[in-house]
Amino acid sequence: MARRDHSFICQSCGAVYARWQGKCEACGAWNTIAEEVAVAASVPAAQRSSRKGRAVVLEKLEGTAKPAPRLVSGIGELDRVAGGGFVPGSILLIGGDPGIGKSTLLVQASAALATGGQRVVYVSGEEAVDQVRLRAQRLGLEKADVGLAAETNAENIIATLSGGPPVHMVVIDSIQTMWSDSVESAPGTVTQVRTSAQLLVRFAKQTGACVILVGHVTKDGQIAGPRVVEHMVDAVFSFEGDGGHQFRILRAQKNRFGPTDEIGVFEMTGRGLSEVANPSELFLSNRDAGAPGTAVFAGMEGTRPVLVEIQALVAPSSLGTPRRAVVGWDPNRLSMVLAVLDARCGVRLGGHDVYLNVAGGLRIGEPAADLAVAAALVSSLTGAPLPADAVYFGEASLTGAVRQVSQAPARLKEAAKLGFAGAVIPAGGLDGVEAPVAVTAVSSLAELVAGIAARAPRRPAMRETRSPSGRDATPRAVAHADWPEDEGR
């Protein structure tokens, strides 16, 4: 007979507990522990441990068989993130906010592969077949030979795929709706998601089919379900985007067969997702070049240079604790830049609200944006507009020095291609390479601040001078063109 085991499992991280409790000690989440029932065969432990393993054949690293070619969908941005195409026998996990366009992208990819002669099966666990057909008709892809099915049982799906001709790619939308007969938990629980994913992983490795799983995301943008699923798959892609913008970004968080720092940029149109060949033009469109507080950052996303506008607003605060609002950048990184400007450059921002935004909704993670952020902050504080035809990049250290960053020639080449004539970069960042634009090298943030302050309009500005104890503050008027040197004393 079978024995029922009751256990309490965290639906966020998969930790197992003997009884229910409000907070998971493993991940710190509240109200995520749920009771699940698992069926185990009532076989004595002595009999289970007496089974002997089967010896497997060991292979050498050098093989004679050539690996199967990648499945190229023809969607350049998707193939770029995947490392040049999908690897046969791999399993991928794609997550994103609801309505961001995951199903639209996968329907387009499925139709492109099917048009190229590959056998593709699209299994929907959330929508009916007619709903998927309506999406394909709206995209003009109804003629593609894609197999459709609306099924949530993992065993039935694998039996269907194994019974017909060999399948090249399978799309499971989504993994949270799948369930297996081997466990009695409800669909969407940790046990069901883990079991269903394991069955699909085994199918992909045995048959050589590429399996793409669609995953839900939590409120903080993380892929929902147990983290063990992310370790089971070969690649994890995140489909990001802002509802107020038309473009979407596909980013690789894990990829065993390609780079993890590449991004694919798409634009949502009436005919589906279209590729963006030059993302810099999209991110820099409709920018106000003459406004103070804006700086163009020349960044790198994988092997692709991307230019994006950094917007900063510094305003006097009436609150006891000034506000710091950041969109598209690391808030801790902003706090560090503000501290360096205060301690090393004499730029007092303790009594000001600071708002920082990366235009277009792009999220920047590399520290090379420190110089552009500092330039935008000082420009907003002094009211001095930055040169409209200049780009900024460089990493700021805690000592106030500006450190070199990688791939500086590629950043400058992209800036020159888009019509920029100048760049502010770290000293020695080119290593003798001829720059296609006029370069201004700075070795410290103090040089950057002095250069921006020299361009500020000569009008008095009220600032605070604190006593050595820091308890009292007396406002005084200082000309903007003179305040950096004055503060340095």
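This report walks through a predicted model of one protein chain, from its overall make-up to a few single residues.

## The whole chain

The protein chain has 489 residues, and 47% of them are buried. Its secondary structure comes to 13 helices and 23 strands. The accessible surface is about 24100 Å². Carbon and sulfur atoms hold 52% of that surface.

How much of the contact network links residues far along the chain? Take the contacts with a separation of 6 or more: residues 24 or more positions apart account for 65% of them.

## Cysteines

A disulfide is a covalent bond between the sulfur atoms of two cysteines. How many disulfides does a search of the whole structure find? The search finds zero. Two cysteines can still be placed by their accessibility. Cys24 has 0% relative accessibility, so it counts as buried, the cut-off being under 20%. Cys210 is buried too, with a relative accessible area of 0%.

## Helices that pack together

Two packed helices are described by the angle between their axes and the distance between the axes. The table gives these values for three pairs.

| Helix pair | Angle between axes | Distance between axes |
|---|---|---|
| α9 and α10 | about 60° | 10 Å |
| α5 and α6 | about 15° | 10 Å |
| α9 and α12 | about 85° | 10 Å |

Start with α9 and α10. Helix α9 covers residues 331-345, and helix α10 covers residues 370-382. Their angle of about 60° makes α9 oblique to α10. The contact uses Arg333, Leu334, Met336, Val337, Leu338 and Leu341 from α9. From α10 come Asp370, Val373, Ala374, Leu377 and Val378. The crossing of this pair is right-handed.

Next come α5 and α6. Helix α5 spans residues 154-163, while α6 spans 190-207. Why is α5 called roughly parallel to α6? Their angle is about 15°. Angles under 35 degrees count as roughly parallel, so the pair fits that label. This crossing is right-handed. On the α5 side, Ala154, Glu155, Ile158, Leu161 and Ser162 take part. They meet Ser196, Leu199, Leu200 and Phe203 in α6.

Helix α9 also packs with α12, which covers residues 445-454. The angle here is about 85°. The two helices are therefore roughly perpendicular to each other. Val340, Leu341 and Cys345 of α9 make the contact with Leu445, Ala446 and Val449 of α12. Leu341 is thus listed in the contact with α10 and in the contact with α12.

## Unusual backbone spots

Most residues other than glycine have a negative phi, and most peptide bonds are trans. Three places in this model depart from that pattern.

Which peptide bond is cis? The bond from Asp173 to Ser174 is cis, with omega near 10°. Ser174 sits in the loop between β7 (169-173) and α6 (190-207).

Asn31 is not a glycine, yet its phi is positive, at about 55°. Its loop runs between β2 (16-17) and β3 (33-41). Is Asn31 buried or exposed? Asn31 is exposed, with a relative accessible area of 62%.

Gln407 also has a positive phi, near 55°, in a residue other than glycine. Gln407 lies in the loop between β19 (402-403) and α11 (408-417). At 40% relative accessibility, Gln407 counts as partly exposed.

## Two buried strand residues

His352 belongs to strand β16, residues 352-358. With a relative accessible area of 17%, His352 is buried. What does His352 contact beyond its neighbours within four places in sequence? The partners are Val314, Ala315, Pro316, Ser317, Pro322, Arg323, Arg324 and Leu381. Take Arg324, which is 28 residues from His352 along the chain. The C-alpha atoms of the two are separated by 9.0 Å.

Ala312 is in strand β14, residues 304-316. It counts as buried, at 8% relative accessibility. Ala312 and Val354 are 42 residues apart in sequence, but 7.2 Å apart in space, C-alpha to C-alpha. Setting aside residues up to four places away in sequence, Ala312 touches Gly293, Tyr355, Leu356, Ala376, Leu377 and Ser380. Leu377 has come up before: it is one of the α10 residues in the contact with α9.

How values were computed:
Residues numbered from 1 in each chain as written. Predicted model: local features only at pLDDT ≥ 70, side-chain atom pairs only at ≥ 80, totals over all residues. Heavy atoms only, no water. Disulfide = S-S within 2.5 Å. Buried < 20%, exposed > 50% of the residue type's maximum accessible area, 1.4 Å probe, protein only. Helix = DSSP H or I, 4+ residues; strand = E, 2+ residues; numbered from the N terminus. Contact = heavy atoms within 4.5 Å. Areas by Shrake-Rupley, 256 points an atom, 1.4 Å probe, with all protein chains shown as cover. Axes fitted to C-alpha atoms, helices over the stretch in contact; angles between N-to-C directions. Parallel < 35°, antiparallel > 145°, perpendicular 65-115°, else oblique. Left-handed = near helix turned anticlockwise from the far one by under 90°.
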